[in-house]
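Trainee: I'd like a close look at one part of this fold, with the side chains in it taken one after another. Please go slowly and give me your reasoning along the way.

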Amino acid sequence: MKWMIASDIHGSAYYCRQLLNAYNREQADRLLLLGDLLYHGPRNDLPEEYDPKQVIELLNAKKQHILCVRGNCDAEVDQMRSVVGDNHVGWGDVPMDDAMPVQLTRGHTYNEQNLPPLHRGDILLHGHTHVPACVPHDTYTCMNPGSVAIPKAGSWHGYLIMENGRFQWKTMTNEVKMEFADGKRIL
């Protein structure tokens, strides 16, 4: 199964459209969103074409393909109108790849500095920082797709593709920026 993994749309209709265009181009089977879909939060500037209502419409049109982790900027009241409410998962193991156990979280509670319960070989996958990451540790690997709309620390607007145990961090224009497979970073 081919997964597209993204985070931090923050209400940008412009970048949400780019993400969904990339999803179609990638021909991924599922889209996993790691939170902060609609609002920009007090520490972020408004992203391009800030329009949370349009983001709801765009994501709801792909509802059957989307799985979401609720973000720290995702309001509970919006779950009544958006894909987040129907297809929400909490912390934990989601069957994404039989050979590779992936633990999902938002990143504002559990992260590299505050680890959840992990097993040897787990991948801790989270958003929140707006910075793409692939950090192998002795017993687990920490990964972050970066941000769709508000990248930080000189990173790019992008997403992550997971297929057959291989991870690729890509820009919205399909440029591969990082790659991880067989327990190590390749690019």
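Trainee: Which residues do ring pairs link into a cluster? Once that's settled, please take me from there to E26 in helix α1.

Mentor: Keep in mind from the start that this is a predicted model. The cluster is made of F167, W169 and F180, linked by ring pairs. Searching the whole structure turns up 3 aromatic pairs. Take F167 and W169: their ring centres are 6.5 Å apart and the planes meet at 35°, so you'd call the pair tilted. That label follows because stacked needs planes under 30 degrees apart and edge-to-face needs over 60. In general, two things describe a pair of aromatic rings: how far apart the centres are and what angle the planes make. Both of these residues are hidden away, too. F167 has 0% relative accessibility and counts as buried, and W169 is buried with a relative accessible area of 0%.

Now for the route to your glutamate. Strand β11 covers residues 166-171, and K170 lies in it. K170 is buried as well, with a relative accessible area of 8%. Its partner is E26: the two form a salt bridge, with the closest N and O atoms 2.9 Å apart. E26 sits in helix α1 and K170 in strand β11, so this bridge ties together parts that are 144 residues apart in sequence.

E26 has a second lysine to deal with. It also forms a salt bridge with K2, where the closest N and O atoms are 3.1 Å apart. K2 belongs to strand β1 (residues 2-6) while E26 is in α1 (residues 13-26), so here the parts being tied together are 24 residues apart in sequence. Put the two bridges together and K2, E26 and K170 form one network through shared partners. Charged side chains they may be, but look at the accessibility: E26 comes in at 7% and counts as buried, and K2 counts as buried at 14%. The cut-off behind those calls is under 20% relative accessible area.

The glutamate has other company. Its side chain makes a polar contact with the side chain of Y159 at 2.7 Å. Leaving aside residues up to four places away in sequence, E26 touches K2, M4, Y159, I161, K170 and N174.

Step back to the helix itself. α1 has 14 residues, which at 1.5 Å a residue should span 20 Å, and its end C-alpha atoms are indeed 20 Å apart. The buried residues of α1 are A13, Y15, C16, L19, L20, A22, Y23 and E26. They pack against β1, β2, α2, β10 (158-163) and β11. So that list takes in β1 and β11, the strands that hold K2 and K170.

Right after the helix comes Q27, with a positive phi of about 55° even though it isn't a glycine. Most residues other than glycine have a negative phi. Q27 is in the loop between α1 and β2. Is it buried or exposed? At 64% relative accessibility, Q27 counts as exposed, whereas E26 is buried at 7%. H128 has a positive phi as well, near 85°, and its place is in the loop between β7 and β8 (133-136).

For context, the salt-bridge count comes to 7. One of them pairs R106 with D36, the closest N and O atoms being 2.5 Å apart. R106 lies in the loop between β6 (102-104) and β7 (122-125), and D36 in the loop between β2 (30-33) and α2 (52-60), so that bridge connects parts 70 residues apart in sequence. R106 counts as buried at 3% relative accessibility, and D36 does at 2%.

Methods:
Residues are numbered from 1 along each chain as its sequence is written. This is a predicted model: local features need pLDDT of at least 70, side-chain atom pairs count only at pLDDT 80 or more; totals for chains, interfaces and linings use all residues. Side-chain values use heavy atoms; hydrogens and water are left out. A salt bridge is a side-chain nitrogen of Lys or Arg within 4 Å of a carboxyl oxygen of Asp or Glu. Helices (H or I, at least four residues) and strands (E, at least two) are DSSP runs, numbered from the N terminus. Buried means under 20% relative accessible area, exposed over 50%, partly exposed in between (1.4 Å probe, protein chains only). The expected span of a helix is 1.5 Å times one less than its number of residues. Contact means heavy atoms within 4.5 Å. A polar contact is a pair of N or O atoms within 3.5 Å; within protein, one must be able to donate a hydrogen and the other to accept it, and residues adjacent in sequence count only if both atoms are side-chain atoms. Rings of Phe, Tyr and Trp (its six-membered ring) pair if their centres lie within 6.5 Å; planes under 30 degrees apart count as stacked, over 60 as edge-to-face and the rest as tilted.
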